[in-house]
Amino acid sequence: MFYSIWHGKIQTMRETSYNIRPMIEADIAEISEIDKEAFPGESIFRPFSSFKSDINNSSVHYSVAYSNEPEILRTEEIKSRKISWFKRLWQHRKSESSELKSTDLVTEGHIIGFVGLWIMLDEAHITALATRNNYRRQGIGEALLISAIETSISLGSQMITLEVRISNAIAQALYLKYGFIIVGKRIRYYSDNNEDALLMSIESTNSVNFKSQFRKLKEADSHF
Ligand SMILES: CC(C)(COP(=O)(O)OP(=O)(O)OC[C@H]1O[C@@H](n2cnc3c(N)ncnc32)[C@H](O)[C@@H]1OP(=O)(O)O)[C@@H](O)C(=O)NCCC(=O)NCCS
């Protein structure tokens with residue numbers, strides 16, 4: 001996979017091509033949708049307005065994976081993503097001449113994942129990481145994590161921390177692959193179901209072990 005942090009085109013195994021770039025205000029509606037889809041219990045704590053204020057917060061850094069490929073949305077997808085009437089009206093015009101059903105929408109480009117970082121002095125905290133449901137297992141979560149780690153390092157973070165649900169084996173596997181270790185547990189951290197969180201961290205982004213592991217993982221990515 002050809003990979004570049006901010007502006008490079010990324011080619012994945014399923015040939016979805018996408019860029020990773022910093023979030024802009026126009027991305028917020030789609031990020032909010034992905035947030036609700038990926039974190040159904042938690043998104044009540046991350047309203048649309050909080051993403052908007054994060055854009056002006058110099059300690060907060062969101063990046064998105066953005067695909068330029070058109071996407072066809074069927075009725076169920078439109079309902080489940082709660083796509084606004086304005087977007088529906090606007091996008092219907094684009095599909096008028098095609099053989100699609102009148103209820104289908106065609107998007108021109110869309111956000112397929114995002115990652116959020118909070119930088120506090122020499123520590124970075126990953127606040128959220130998600131890939132859209134139908135784009136999972138294509139390396140997008142991994143590319144977003146790589147970009148978050150690189151951003152953290154470039155902003156001077158020596159430690160990177162995060163919380164993850166104790167039941168979330170998929171995310172834990174991704175973090176373990178990138179050298180995060182379990183350093184603690186936060187009891188009943190998630191208020192929707194009182195689930196515990198594991199606290200995971202990369203203790204030193206300067207350590208020889210981490211640097212060599214991270215370099216190898218990035219090199220392995222470029223073989224796709
Ligand atoms: C966690 C998440 C971001 C992974 O995104 P993704 O784009 O599907 O992940 P990738 O394709 O980049 O996979 C990277 C690694 O994640 C792990 N992983 C991903 N899907 C997995 C699965 N179904 N089973 C086991 N491990 C899995 C593996 O370690 C994988 O590396 P590998 O390909 O070498 O096995 C995605 O599942 C998601 O959005 N989940 C919901 C939100 C969430 O839980 N976020 C984390 C909050 S702490």
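User: Let's start with Arg 188. Does it count as buried or exposed, and why?

Analyst: The general idea is to count the C-beta atoms around a residue: 12 or fewer within 10 Å makes it exposed. This is a predicted model, and in it Arg 188 counts as exposed because it has 10 C-beta neighbours inside 10 Å. Arg 188 is found in strand β9. Its phi is near 45°, a positive value in a residue other than glycine.

User: How many residues of β9 are buried?

Analyst: The count is zero among the ten residues of β9 (181-190), so the strand is hardly covered.

User: Which strand does β9 join, and in what sense do the two run?

Analyst: For pairing, look at the bridges. Six of them join β9 to strand β10 (residues 195-202), and the two strands run antiparallel. To fix the register, take Arg 186, whose bridge partner in β10 is Ala 197. The two strands form a hairpin with four residues between them, and Asn 194 in that turn has a positive phi of about 60°.

User: What can you tell me about Asp 196, and why does it count as partly exposed?

Analyst: Asp 196 sits in strand β10. Between the cut-offs for exposed (12 or fewer) and buried (20 or more) lies the partly exposed class. Asp 196 falls there because it has 14 C-beta neighbours inside 10 Å. Leaving aside neighbours within four places in sequence, Asp 196 is in contact with Ile 166, Lys 185, Arg 186, Ile 187, Arg 188 and Tyr 189. You can also compare position in sequence with position in space: Asp 196 and Glu 163 are 33 residues apart along the chain, while 9.5 Å separates their C-alpha atoms.

User: Where is Leu 121, and how does its phi look?

Analyst: Leu 121 lies in the loop between β6 and β7. Its phi is near 50°, a positive value in a residue other than glycine. Leu 121 counts as exposed because it has 10 C-beta neighbours inside 10 Å. β6 and β7 form a hairpin with two residues between them, and Leu 121 is in the turn.

User: How many bridges hold that pair, and which residue is the bridge partner of Val 115?

Analyst: Eight bridges join β6 to β7, running antiparallel, and the partner of Val 115 in β7 is Leu 129. A useful rule when reading such strands is that side chains in a regular strand alternate between the two faces of the sheet. For Val 115, the contacts beyond four places in sequence are Ser 63, Ile 126, Ala 128, Leu 129, Leu 144, Leu 145, Ser 147 and Ala 148.

User: Which residues touch the most other members of the largest nonpolar core?

Analyst: Val 115 is among them, together with Ile 31, Ala 65, Phe 114 and Leu 144, in a core of 37 residues. Helix α5 (residues 140-154) gives the most to this core, with seven residues.

User: Ile 146 lies in helix α5. Why does it count as buried?

Analyst: Ile 146 reaches the cut-off for buried because it has 20 C-beta neighbours inside 10 Å. Its C-alpha atom is separated by 7.7 Å from that of Lys 218, which is 72 residues away along the chain.

User: What unit does α5 make with β7 and β8?

Analyst: Here you follow the chain from strand to helix to strand: β7, α5 and β8 make a right-handed β-α-β unit. β7 and β8 pair in the parallel sense over four bridges, and one bridge links Glu 123 with Met 159 in β8.

User: Which residues of helix α1 are buried, and what do they pack against?

Analyst: In α1 (residues 28-38), the buried residues are Ile 28, Glu 30, Ile 31, Ser 32, Ile 34 and Asp 35. They pack against α2 (48-55), β3 (60-67), β6 (110-120) and β7 (123-131).

User: How many residues surround the ligand, and which are the closest?

Analyst: There are 19, and the closest are Thr 131, Arg 136, Gly 141, Glu 142 and Leu 174. β7, α5, β8 (159-165) and α6 (169-177) are the elements giving two or more residues to this shell, and α6 gives the most, with five. By residue type, the shell divides into ten nonpolar, five polar and four charged.

User: And the chain overall: how many helices and strands does it have?

Analyst: The protein chain has seven helices and ten strands. Of its 224 residues, 29% count as buried. Among contacts between residues at least 6 apart in sequence, 65% join residues at least 24 apart.

Note on methods
Residues numbered from 1 in each chain as written. Predicted model: local features only at pLDDT ≥ 70, side-chain atom pairs only at ≥ 80, totals over all residues. Core = buried A, V, L, I, M, F, W, Y, C linked by C-beta atoms within 7 Å. Contact = placed C-beta atoms within 7 Å. Near = placed C-beta within 6 Å. Nonpolar A, V, L, I, M, F, W, Y, C, P; charged D, E, K, R; others polar. Pairing = 2+ DSSP bridges. Right-handed = clockwise from strand over helix to strand, strands pointing away.
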